[in-house]
Amino acid sequence: MRKVKITKNIVDKNAWIMGLSKKQIAVSAIGVAVAGLSLYLMWGKLPTQLMMTIVFVEIMIVVAIGFIKVNGMSLVSMLIASFRKKVRTYHSRKDGIYGEKEE
C-alpha cells in the first residue's frame, strides 16, 4: 500500500449539506423540479421508456451545468467564453505587422 502526503487542504469550506455547496443544491432542486414538471406534462401521452429517457437527459444537462467545472470554470462560463471575440494583440516591426503567432 502506498502512502501519499497531501500538501493542499482539500476540504471545501463552502460545503453545506453532504459536501455540496449551496449552488449545487439549488441546481439539483431545479433539475428535480424540471423533471417533475416534465413527467407531469408527458404522463400518459408518451411511452414510459421514452418519457424516462427524456427526463434522464434533462436531469443530466441541468446537473452538469451546476456540478462540472473545468480548470475552475463552470460549463456555462465556458460556453459563454467560447462565443466571445478573441482579443488579438499585434506587434509592429520594421518589416511589417505580425500577430501573436508567427511562423
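## Ser 38 and its helix

At 11% relative accessibility, Ser 38 falls under the 20% cut-off, so it goes down as buried. You'll find Ser 38 in helix α1. Setting aside neighbours within four places in sequence, Ser 38 is in contact with Val 55 and Glu 58. Val 55 is itself one of the buried residues of α2. Bear in mind throughout that this is a predicted model.

Helix α1 runs over residues 22–42 and also holds Gln 24. Is Gln 24 buried or exposed? Gln 24 is buried, because its relative accessible area is 17%, below the 20% limit. Its contacts, again leaving out neighbours within four places in sequence, are Gly 19, Gly 66 and Phe 67. Of these, Gly 66 also shows up among the buried residues of α2.

## The overall layout

Stepping back, the protein has 3 helices and 4 strands. Going along the sequence, they come in the pattern α-α-β-β-α-β-β. Buried residues account for 14% of the 103 residues.

As for contacts, take those between residues at least 6 apart in sequence: 28% of them join residues at least 24 apart. The protein exposes about 9600 Å², and carbon and sulfur atoms supply 64% of that area.

## Helix α2, inside and out

Helix α2 covers residues 48–67. How does its length hold up against the 1.5 Å a residue expected of its 20 residues? The span should be 28 Å, and the end C-alpha atoms are 28 Å apart, so the two agree.

On the buried side of the ledger, α2 contributes Met 51, Val 55, Val 62, Ala 64 and Gly 66. What covers these buried residues includes α1 and α3. A general point helps when reading such a list: an α-helix has 3.6 residues a turn, so residues three or four places apart point the same way.

## The nonpolar patch

Now for the surface. Phe 56, Val 57, Met 60, Ile 61, Ile 65, Val 76 and Ile 80 make a nonpolar surface patch of about 610 Å². The elements giving two or more residues to this patch are α2 and α3, the latter spanning residues 75–83. The largest share, 5 residues, comes from α2.

Phe 56 is one of the patch residues, and its place is in helix α2. Why does Phe 56 count as exposed? Its relative accessibility is 53%, and the bar for exposed is over 50%.

## Met 73 in strand β2

Met 73 lies in strand β2, which is made of residues 73–74. With a relative accessible area of 34%, Met 73 is partly exposed, since that value sits between the 20% and 50% cut-offs. Leaving aside neighbours within four places in sequence, what does Met 73 touch? Its contacts are Ile 68, Met 78 and Ala 81. Met 78 and Ala 81 both fall within the 75–83 range of α3.

## How far to trust it

The average pLDDT for the protein is 79, and 80% of the residues score at least 70. Confidence is highest in α1, at 89. At the other end, strand β4 (residues 96–98) has the lowest confidence, with a mean of 57. Where pLDDT is low, the predicted coordinates should not be read in detail.

Notes. Residues are numbered from 1 along each chain as its sequence is written. This is a predicted model: local features need pLDDT of at least 70, side-chain atom pairs count only at pLDDT 80 or more; totals for chains, interfaces and linings use all residues. Side-chain values use heavy atoms; hydrogens and water are left out. Patches are made of residues with over 30% relative accessible area and no salt bridge: like charges are joined within 9 Å, nonpolar side chains (Val, Leu, Ile, Met, Phe, Trp, Tyr) within 5 Å. Accessible areas come from the Shrake-Rupley method with a 1.4 Å probe; for residues, only the protein chains shown count as cover. A salt bridge is a side-chain nitrogen of Lys or Arg within 4 Å of a carboxyl oxygen of Asp or Glu. Buried means under 20% relative accessible area, exposed over 50%, partly exposed in between (1.4 Å probe, protein chains only). Contact means heavy atoms within 4.5 Å. The expected span of a helix is 1.5 Å times one less than its number of residues. pLDDT is the predictor's confidence in each residue, from 0 to 100.
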